[in-house]
Amino acid sequence: MNVDTISDFLAEQRELVPPELAEPIYEFEELWERKLWHQLTNKLIDFFNHPGSAPVRLPFYKVFVSKFADKINQLKLVDLALKAATQCKDNQERLAFMEAVAKKVDNEDSQDALVFATIAVARVKLDLSDLDGARKDLDRAERVLDTFDSVETIVHAAFYGANADYYQAKADFGAYYRTALLYLACIDIQSLSPAERRNRAYDLAMAALVSTNIYNFGELLLHPILDALSEREEDKWLRELLFAFNRGDLAAFDVLSGHIKSNPLLSHHARQLREKIYLAALTEAVFRRPPHDRAMTFAAIAAETKVRPAEIEHLIMRALSLGLLRGTIDQVDGVAHINWVQPKVLDMKQIENMRQRLIEWDSSVNQLGNWIENVGQDLWAS
């Protein structure tokens, strides 16, 4: 494409954008003529990020950007392509467009861009409900990622975000929970809209509760994303439920049980949630005790967990098998000897209990010191 044709194209596009975007298009022409590819790329990214550029992004990419695509940073090229792809008329067109972009950047020195584009292809396949195809693309991207010593955060964020969406579509709640947290670790959560933060917090909370392999919500409870559930009155119960599970609070669980029954997903997993809160109550009961006093009778455990005595042994064995506790069971005497409990995040009530234990420990140490001093007076004097 010659200079006159490019000039004509850019002149046409200036007529289609808001007035504030006309000036940057003049700059594009100057930078293109001077072959200042780095500056041109950055200006284009700013232009594509502006909402007013939406109608012209796709033709801009196809007619203008594609003419110097091999001269610019390939990762930024894919970024421009992703923004342009939002204007495709449907997912099929978007899929063909992104597959062409992935093929374009499939070079030895631009493997990070290939991964970025492959993840984008997988995302479109998720939108088309082609889960198998998406999984193959994500696995292919992971194999390439594993060969890198380092990679741009934007690529890791895209990878974990797409994987989280895949696992959510598969209703694999445990895998979704882990990959969604990894995604959040790669981004500034303030870059998400309030609605996106709320939805992410809601989905993470649900995944934590109904997953069959997550019994410690500490990482989520400490994450600022959870604050999004405090912004709307109708979401606060879910945040409270997570903290109730964390401290094994059966009374709070019963108070919030109405919300569980009215939520289809939680209601479907009601029996599993009941087992989880019993396990949480058991680990909390053990946690509250000092390490030298963790031999608990089945009767004491039944009193603290509200589990029927006949089911206590099964509950303890379940906790041991899940790695929530370590110890042994004396079936004859009906006693559980616990020597370790899984660490957990403490709320203010649990911190107060810990403070009381430290006070008691300090008092017992002082008493022991006074006793030694009194008993050994003659020895100390000599």
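**Confidence, helix H8 and salt bridges in a predicted model**

Helix H21 (residues 377-381) has the lowest mean pLDDT among the elements of the chain, at 58, and H7 the highest, at 98, where pLDDT is the predictor's confidence in each residue, from 0 to 100, and helices are DSSP runs (H or I) of at least four residues, numbered from the N terminus. The chain as a whole has a mean pLDDT of 92, with 95% of its residues at 70 or more. This is a predicted model, in which local features need pLDDT of at least 70 and side-chain atom pairs count only at pLDDT 80 or more, while totals for chains, interfaces and linings use all residues. Residues are numbered from 1 along each chain as its sequence is written, and side-chain values use heavy atoms, without hydrogens and water.

**Helix H8**
- The buried residues of H8 (residues 131-145) include Gly 133, Leu 138 and Val 144, buried meaning under 20% relative accessible area, exposed over 50% and partly exposed in between, with a 1.4 Å probe and protein chains only.
- These buried residues pack against helix H7 (111-127) and helix H9 (153-169).
- Asp 137 and Arg 140, 3 residues apart in H8, meet through their side chains in a salt bridge (2.5 Å, N to O), that is, a side-chain nitrogen of Lys or Arg within 4 Å of a carboxyl oxygen of Asp or Glu.
- Asp 137 counts as buried at 5% relative accessibility, whereas Arg 140 is partly exposed at 41%.

**Other salt bridges**
- A search of the whole structure finds 20 salt bridges.
- Asp 235, buried at 2% relative accessible area, forms a salt bridge with Arg 232, and both belong to a network with Arg 198 and Glu 234.

Definitions and conventions: Helix = DSSP H or I, 4+ residues; strand = E, 2+ residues; numbered from the N terminus. Expected span 1.5 Å × (residues − 1). Contact = heavy atoms within 4.5 Å.
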